[in-house]
Amino acid sequence: MNPKSSKLQHQEQQQTTEQQVAQHQPGLEFASVEEMLRYDAAQAVPPPTIEARLKNSLAGEPKPPRSWWDRLFARQSPEP
């Protein structure tokens, strides 16, 4: 068998398989852009070097101040 025709046949078979998979997967609908981005972020795996740099960068950020309602309703120790 000619190697070129074998390669072409393999590519056509792969394209057909991809089309069949795409037809069987229903489209996703999102209520907001943020929901879509969260879904996409859950599906994507960052490269290890970028993940490590991001963790180091976030570790250096200061913690946000507690919200007023969290401070108001926080359990306080009883006075002796």
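## A helical protein and its nonpolar patch

Let's start on the outside: Leu28, Phe30, Val33, Met36, Leu37 and Tyr39 make up a nonpolar patch on the surface, and together they offer about 560 Å² of accessible area. A patch takes residues with over 30% relative accessible area and no salt bridge, joining nonpolar side chains (Val, Leu, Ile, Met, Phe, Trp, Tyr) within 5 Å and like charges within 9 Å. Accessible areas come from the Shrake-Rupley method with a 1.4 Å probe, and for residues only the protein chains shown count as cover.

What you are looking at is a predicted model, where local features need pLDDT of at least 70 and side-chain atom pairs count only at pLDDT 80 or more, while totals for chains, interfaces and linings use all residues. Residues are numbered from 1 along each chain as its sequence is written, and side-chain values use heavy atoms, leaving out hydrogens and water.

Now for the overall build. The protein has four helices and zero strands, giving the pattern α-α-α-α along the sequence. Helices (H or I, at least four residues) and strands (E, at least two) are DSSP runs, numbered from the N terminus. Of the 80 residues, 0% count as buried; buried means under 20% relative accessible area, exposed over 50%, and partly exposed in between (1.4 Å probe, protein chains only). The accessible surface comes to about 8400 Å², with 56% of that belonging to carbon and sulfur atoms.

Back to the patch, where two rings meet. Phenylalanine 30 and tyrosine 39 form a tilted aromatic pair, 5.5 Å centre to centre with 45 degrees between the planes. Rings of Phe, Tyr and Trp (its six-membered ring) pair if their centres lie within 6.5 Å; planes under 30 degrees apart are stacked, over 60 edge-to-face, and the rest tilted. Tyrosine 39 sits in helix α2 (residues 33-43).

How many salt bridges are there? The count is two, a salt bridge being a side-chain nitrogen of Lys or Arg within 4 Å of a carboxyl oxygen of Asp or Glu.

| Salt bridge | Closest N to O |
|---|---|
| Glutamate 51 and lysine 55 | 3.7 Å |
| Aspartate 70 and arginine 66 | 3.5 Å |

Glutamate 51 and lysine 55 both belong to helix α3, four residues apart, or about one turn of the helix. Glutamate 51 is partly exposed at 34% relative accessibility, whereas lysine 55 is exposed at 55%. As for helix α3 itself, zero of its 12 residues are buried.
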